[in-house]
Amino acid sequence: DLYDKEKVDLETIVIDDVFTLLQCNHEGLTQAEADRRLELFGPNKLEHEKQNALLQFLSFMWNPLSWVMEGAALVAIALSNGEGRAPDWEDF
């Protein structure tokens, strides 16, 4: 690592100290230094974990509030279409 992240707060130190700490200047890195750091540290991107879209959608439904609402909808459907009568309202 270029510096100890636990001891240095990059948000509060003076900009010239940041350049010294990160071993660069106002113009940025040279191409050779950028290539060296790319090889040493790898690309600057976040890791992305692939998820199944259906499972992700269903996970939003897996909580007590959703269960109560789904149960209420089933009860409303059952009560509105009971005994062969037409529904009380046009939603079902």
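Here is a walk through this predicted model, from its overall layout down to a small cluster of charged side chains.

Let's start with the big picture. The protein has 4 helices and 0 strands, so the pattern along the sequence reads simply α-α-α-α. Confidence averages a pLDDT of 82, and 84% of the residues score at least 70. Among the elements, helix α2 (residues 31–41) has the highest mean pLDDT, at 92, while helix α1 (residues 15–21) has the lowest, at 85. As for burial, 9% of the 92 residues count as buried.

Helix α2 is a good place to zoom in, and Glu33 is the residue to look for there. Glu33 has a relative accessibility of 19%, and because the cut-off for buried is under 20%, Glu33 counts as buried. What does its side chain do? The side chain of Glu33 meets that of Arg36 in a salt bridge, 2.8 Å from N to O, and the two residues sit 3 apart in α2, about one turn of the helix. Glu33 also forms a salt bridge with Arg37, this one at 2.7 Å from N to O. Here the spacing is 4 residues, so again about one helical turn separates the partners. Through these shared partners, Glu33, Arg36 and Arg37 become one salt-bridge network. The general geometry helps here: an α-helix has 3.6 residues a turn, so residues three or four places apart point the same way. The two arginines are covered to unlike degrees: Arg37 is buried, as is Glu33, whereas Arg36 is partly exposed at 40% relative accessibility. The salt-bridge count for the model comes to 2.

Now move along to helix α3 (residues 53–60). Of its 8 residues, the number buried is 0, so this helix lies largely in the open. At its start, a side-chain oxygen of Asn52 comes to within 2.9 Å of the backbone nitrogen of Leu54. Leu54 turns up again in a nonpolar surface patch of about 620 Å², made together with Leu55, Phe57, Leu58, Phe60 and Met61. Take Phe60, which lies in α3: at 56% relative accessibility, Phe60 counts as exposed.

Last comes helix α4 (residues 64–80). Its start has a contact of this kind too, with a side-chain oxygen of Asn63 within 3.2 Å of the backbone nitrogen of Leu65. The helix has 17 residues and reaches 24 Å from its first C-alpha to its last, close to the 24 Å expected at 1.5 Å a residue.

Methods: Residues are numbered from 1 along each chain as its sequence is written. This is a predicted model: local features need pLDDT of at least 70, side-chain atom pairs count only at pLDDT 80 or more; totals for chains, interfaces and linings use all residues. Side-chain values use heavy atoms; hydrogens and water are left out. pLDDT is the predictor's confidence in each residue, from 0 to 100. Buried means under 20% relative accessible area, exposed over 50%, partly exposed in between (1.4 Å probe, protein chains only). A polar contact is a pair of N or O atoms within 3.5 Å; within protein, one must be able to donate a hydrogen and the other to accept it, and residues adjacent in sequence count only if both atoms are side-chain atoms. The expected span of a helix is 1.5 Å times one less than its number of residues. Patches are made of residues with over 30% relative accessible area and no salt bridge: like charges are joined within 9 Å, nonpolar side chains (Val, Leu, Ile, Met, Phe, Trp, Tyr) within 5 Å. Accessible areas come from the Shrake-Rupley method with a 1.4 Å probe; for residues, only the protein chains shown count as cover. A salt bridge is a side-chain nitrogen of Lys or Arg within 4 Å of a carboxyl oxygen of Asp or Glu.
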